[in-house]
Amino acid sequence: MAEDSGQDKTEDPTGKRLSESRKKGQLPRSKELNTFVTLIVASALFVYIGRHMAEGLLAMMKQQFRLSRDQVFDPATPVVHLKLALVDGFTVVAPFMLILLVADFLASLLLGGWNFASEAYHPKFSKLNPLAGMKRLVGIQGVVELIKAVIKTLLVAIVAWNLFKLHFDDFMGISRIPVDQAIYRVGDIIVVGLLIMSSTLALVVMLDVPYQLWNNQRHLKMTKQEVREEAKDQEGSPEVKGKIRRMQMEAARRRMMDAVPSADVIVTNPTHFAVALKYDPSGAGAPILVAKGTDLIASQIRELALAAKVPLVAAPALARALYYSTELNQEVPRGLFLAVAQVLAYVFQLRASTQQGWGRPTPPTDVYVPDDFKQ
């Protein structure tokens, strides 16, 4: 859909896009790197154990195919020797093949790492579309593969031609030495030549690996619209998030209002601010702010307090200081202890006078609020 909108893919892939690409097996891979490592390992093995393998195979052939006339005309004997020859030959080349198999497996992990993607093995009939195949041939990928093939061909041809010129005299003199020595001599030349020609492919690898990394990143890039849609899917639409936030705020406000009747005092502005405080004299903590609000919410707090017969104390500076400095269900700051203590002392006196029938105490009028807490 993003492609249809005409937007350019300018954004780096998100974590979700990268994770999905791994599940689909869309990782940077370099066939040139795999081929290079496999050829280098094979050449090195030929250099180090090639002579041993050749001697083993030669001994096997001498032992299994040197038959007498009677054995040749015995229908069962050649079959037996052939089976033994296959077993002996496999024993000789098995270590070489096993090391080569491990090298090829490890080479495939050098770029992209280990990844088993089951989706990559599902049949995709779209790959059978001849038009799509033609697009791949004439597209940028086809051009890159053609360039790599030309470079490899030229490199191998140049190196092979120079090796041939270097060993031309050796090839011409092979006919003058015994057959066994000639075979080993030719084998040494071929093995060393194979190692040198394989090494030249390092140039192709140095070009191909950065290209594969860039090409994989290019395919995974996203449009701005795709990034926005993915963010919307993961985090939800702004409308839904706003509705959830409003519901959360409403629930928090209801819980706050439910705490007002249990408060000990409501400190007011007296009209614009209202702060509800609760204090447990038997505890070791400071008074706790259980509700606060301005304007309409402040009015609702005062109404609930009056209905629950919670005292209201007008202390404008203290009400503003508590509102701005203290969050819900937190203790009042140390700097306001003295001011809050004056208000609570009045509240406790008011309770005592009501219970004992004494005269009503005078509300505090000179509540001290430090300059640091004045808004």
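Over residues 33-51 the chain is 100% helix and 0% strand, with the end C-alpha atoms 27 Å apart. This is a predicted model. The span belongs to a set of four in the record: the unreviewed UniProt entry annotates residues 33-51, 92-117, 138-164 and 189-214 as "transmembrane region". Residues 189-214 are 96% helix and 0% strand, and their end C-alpha atoms lie 39 Å apart.

**A helix contact**

L163 sits in helix α6, which runs over residues 140-166. Is L163 buried or exposed? L163 counts as buried because its relative accessibility is 14%, under the 20% cut-off. Which residues does L163 touch, once neighbours within four places in sequence are set aside? The contacts are G193, I196 and M197. L163 and I196 are 33 residues apart along the chain. Their C-alpha atoms are separated by 9.1 Å.

**The second largest pocket**

The second largest pocket holds about 390 Å³ of space. Two elements give two or more residues each to its lining: α2 (31-64) and α8 (179-200). The lining has 17 residues in total. Helix α2 supplies the largest share, 10 residues. Nearest the centre of the pocket lie G50, A54, I183, Y184 and G187. By type, the lining of this pocket divides into 11 nonpolar, 2 polar and 4 charged residues.

**The strands**

Further along the chain come the strands. Strand β1 covers residues 265-268. V265 and V267 point one way from β1, while I266 and T268 point the other way. All four of these residues are buried. Strand β2, residues 273-278, is mostly covered, with 5 of its 6 residues buried. Strand β3, residues 288-294, is mostly covered too: 5 of its 7 residues are buried.

How do these strands pair? The table lists the partners, the sense of each pairing and the bridges.

| Strands | Sense | Bridges | Residues standing opposite |
|---|---|---|---|
| β1 and β2 | antiparallel | 4 bridges | I266 and A276 |
| β1 and β4 | parallel | 3 bridges | I266 and L312 |
| β2 and β3 | antiparallel | 6 bridges | V275 and K292 |
| β3 and β5 | antiparallel | 2 bridges | L289 and Q330 |

β1 pairs with both β2 and β4. The partnership with β2 is antiparallel, whereas β4 (residues 312-314) runs parallel to β1. I266 has a partner on each of these strands: A276 in β2 and L312 in β4. How many residues separate β1 and β2 in their hairpin? There are 4 residues between them.

β2 also pairs with β3, in the antiparallel sense. F273 of β2 stands opposite T294 in β3. V275 stands opposite K292, again in β3. β3 in turn pairs with strand β5, residues 330-331. There, L289 stands opposite Q330.

Read through its pairings, the order of the strands is β4 beside β1, β1 beside β2, β2 beside β3 and β3 beside β5.

Note on methods: Residues are numbered from 1 along each chain as its sequence is written. This is a predicted model: local features need pLDDT of at least 70, side-chain atom pairs count only at pLDDT 80 or more; totals for chains, interfaces and linings use all residues. Side-chain values use heavy atoms; hydrogens and water are left out. Buried means under 20% relative accessible area, exposed over 50%, partly exposed in between (1.4 Å probe, protein chains only). Two strands pair if DSSP finds at least two bridges between them. UniProt positions are given in the numbering used here, feature names are shortened, and annotations may be inferred rather than shown by experiment. On a 1 Å grid over the protein atoms alone, a cavity is a set of points where a 1.4 Å probe fits but cannot get out, and a pocket is an open set with protein on both sides within 12 Å along at least five of seven lines; lining residues have an atom within 4 Å of a point. Grid points are joined across faces, edges and corners, and a volume is the space filled by probe spheres set on the points. Ala, Val, Leu, Ile, Met, Phe, Trp, Tyr, Cys and Pro count as nonpolar, Asp, Glu, Lys and Arg as charged, and the others, Gly among them, as polar. Contact means heavy atoms within 4.5 Å.
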